[in-house]
Amino acid sequence: MDEHGKPGHDCCHAAPPAAPAPPHDCCHAPAAPARAAPAHDCCHAHAAGAPEANAAAARGHGAAYYCPMCPGVESERPGTCPKCGMALESALPVAGAGEDTELVDMRRRFWVALALTVPLVAVEMAGMFGLLHGSVGGAGASWLQLLLAAPVVLWCGWPLLERCWRSLASSSPNMFTLIGLGVVVAFGFSAVATLVPGAVPAIFRQGGHTTLYFESAAMIVTLVLLGQVLELRARHRTGAALRALLDLAPKEALRLQDDGTEASVPLAQVAVGDRLRVRPGEKVPVDGVLLEGRASVDESMVTGESLPVTKAEGDAVIGGTLNGTASFVMRAERVGSETLLARIVQTVAEAQRSRAPVQGLADRVSAWFVPAVIGVALIAAIGWWILGPEPRLAHALVVAVSTLVIACPCALGLATPMSMTVAMGRGAQAGVLFRSAGALEQMRDVDTLVLDKTGTLTSGRPEVVSVIPVDGIADTELLRFSASLEQASEHPLAAAVVAAATSRGLRLGRSYGFRAVPGKGAMGVVQLRNVAVGNAALMEEAGVDVRALERDARQLRALGQTVVYVGVDGLALGLLGVADPLKPEAWDVVQQLKREGMRMVVLSGDHEESVRAVAAQLGIDEVAAGVLPDAKAARIGELRATGSVVAMVGDGINDAPALASADVGIAMGGGTDIAKQTAGITLVSGDLHGLVRALRLSEATMRNVGQNLLFAFGYNALGVPLAAGALYPVAGLLLTPAFAAAAMSLSSVSVISNALRLRSIRI
């Protein structure tokens, strides 16, 4: 059957009842709240495959580039952030864009650094165990270390050093300040000791050889580059969500000319009022109104509902939705940035740009930590130079170098990313993919969980869940007749009926004279008997009295099921209830989260009767039904405005704006690529138990991060005073740079070991 309705109506074959007129003249979309015009008309240009037009629009109407790390930093041209040194990102999505050039560059630098750091560390370790004579100061080993470390620091680590300089020049100390200082001090001192050994005071020497820190500088650069690669990869995937949204719109449309001919034209040339033909299997090019023909259109990208919608003359159609098996002619009503798909793109883009990344504790503390360490090093050096025992200058240099080396940010830089990396791997083992460290961090604070219905709480596929025959008729007989007729249809509801029959092992008969009755159902002949499957109107047309089944029909509708009547030779055989069943684990997961104090809300584009039926089965009181994509995002915004930390769980294209607007977006693994690319978390198998696992893993990870930061800062809090000479007045001991480097390494080992405990955590 080509013409089918949606669940919540009187039959799988019935056209949905006339909905109240929308509050505005738009294609199924609620009116957008009054606001300033968008900064740029991007959606139309890119949908038409014209990024240059989009860029021009951006230059004319607002900033085209922004810093994802520093809110408020915008520019009309590409470049780097003056505060943190990160590359500015385009504020406008570009369809078909390739891999991020910064990611490619950082990845290349990381692999080169890793290839050189491994043998460098091996040389140093060999020297410590006496396998290489002179590895702690011998000329041959020193020059070998310099040759290996120089490319790592001066080429691989150049972007890091540049960002360090920018942070100092702009008086905005951050992690790159600490990284740059640590690398410069470690490498610079070692290079001087190798190139001009006579310039190094004797106090720096052990057994006549100077301690070198080439491997420390190289390790810092390599580890930080790894973190940059992981971060850039996550940022690039975020942009992929918008590019995938843009790709939903077809690039061309079939326009009917004044002389009656048809011509394929670029989408950018389609104007309001144009008549367009949409052939079977094609996407609707723009928003408009159906003029000629009938069609069954898949609008799941907008409503999230898995069942196609029957469209007749005068009905609205939405750009980007998929036409079924019948051709139709439409009139373009909204084009370019006015289409619903373009508005979804704009909503997602705005939500992503407005949500600043979570500022790490290490970065916040570094705002005072860096100046404090530098100040302590200078004061200590001056104090030793003026008041210390001879040789004063040598002691001053030792104190300054030791203080800066022991405060090297290796452990501080590892504290958060190590825990996050291990936790993400543990989550992947449990079927929970975190797309960003921000999502992993913020999941811990979520107190409100908003769930889509179709494909999230339910399976997303219609199934026959009720079979009610009249007295004297077996349920297998009812299924056999209806499925024998329905096997001639390609509609999902018909497929559900056939699947229910075949799952019971029923042999289906051949049907003859199959005839679809638009908006009502279908009729045909099975085993020489006239069979009708459809709604009450079809039964009346076929002369089948179904009044005796009305009570059962009302009960099925109250449960959110679609009612399908079956009649044979003018007599009612019974009815079928078709619904999108709840996932088996839905009840247990919802109750568990409610016991933990989580506020639960069902937010769906489906009909209210169906949504409330599902929510009632799960014991969820808060329901919002019939909500379209931009209204979903607005609802999320309302919840956040009350102070709630909101996680949105969805699986469809229509959920993308809400997923992007929420504090944490969670996509089901079986959902659309758009949802998964927009969300910060993906439940790979679509199992709702993943919500509980994600929450537990987030809590454990943030505890682990806190412990790591305590280790890192604890070593610095203890080590910096010792390096400055706190023990000298008491015990006559002065911490050497070698000991400072050992303490720095020990802090890193502590952080890594603690982070690795997350691999075995039970979630």
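Is Arg640 buried, partly exposed or exposed? Arg640 is partly exposed, with a relative accessible area of 34%. The points below take this residue with its partner, then turn to other charged pairs and to a nonpolar patch. Note that the model is predicted.

1. **Arg640 and Asp663.** These two side chains meet in a salt bridge, at 3.0 Å from N to O. The pair links distant parts of the chain, 23 residues apart. Arg640 belongs to helix H21 (residues 629-641). Asp663 sits in the loop between helix H22 (656-661) and strand S26 (664-668). Asp663 is buried, at 11% relative accessible area, whereas Arg640 is partly exposed.

2. **A shared network.** Some salt bridges have partners in common. Arg599, Glu622, Arg635 and Glu638 are joined into one network in this way. Across the whole structure, the salt bridges number 19.

3. **Arg255 and Asp274.** This is another salt bridge, with the closest N and O atoms 3.2 Å apart. Here too the pair links distant parts of the chain, with the two positions 19 residues apart in numbering. Arg255 lies in strand S6 (residues 252-256). Asp274 lies in the loop between strand S7 (262-266) and strand S8 (275-278). What is the relative accessible area of Arg255? The value is 17%, so Arg255 counts as buried. Asp274 is also buried, with a relative accessible area of 17%.

4. **Arg109 and Asp105.** The side chains of Arg109 and Asp105 form a salt bridge of 2.8 Å, N to O. Both residues are in helix H3 (residues 101-128). How are they spaced along the helix? They are 4 residues apart, so about one helical turn separates them. Arg109 is buried, with a relative accessible area of 11%.

5. **A nonpolar surface patch.** Leu378, Ile382, Trp385, Ile386 and Leu387 make a nonpolar patch of about 590 Å² on the surface. One of these residues, Ile382, lies in helix H10 (residues 361-387). Why does Ile382 count as partly exposed? Its relative accessibility is 45%, and the partly exposed class runs between the 20% and 50% cut-offs.

6. **Points to check on the model.** For the charged pairs, view Arg640 with Asp663, Arg255 with Asp274, and Arg109 with Asp105. For the nonpolar patch, begin at Ile382 in helix H10.

Key: Residues are numbered from 1 along each chain as its sequence is written. This is a predicted model: local features need pLDDT of at least 70, side-chain atom pairs count only at pLDDT 80 or more; totals for chains, interfaces and linings use all residues. Side-chain values use heavy atoms; hydrogens and water are left out. Patches are made of residues with over 30% relative accessible area and no salt bridge: like charges are joined within 9 Å, nonpolar side chains (Val, Leu, Ile, Met, Phe, Trp, Tyr) within 5 Å. Accessible areas come from the Shrake-Rupley method with a 1.4 Å probe; for residues, only the protein chains shown count as cover. A salt bridge is a side-chain nitrogen of Lys or Arg within 4 Å of a carboxyl oxygen of Asp or Glu. Buried means under 20% relative accessible area, exposed over 50%, partly exposed in between (1.4 Å probe, protein chains only).
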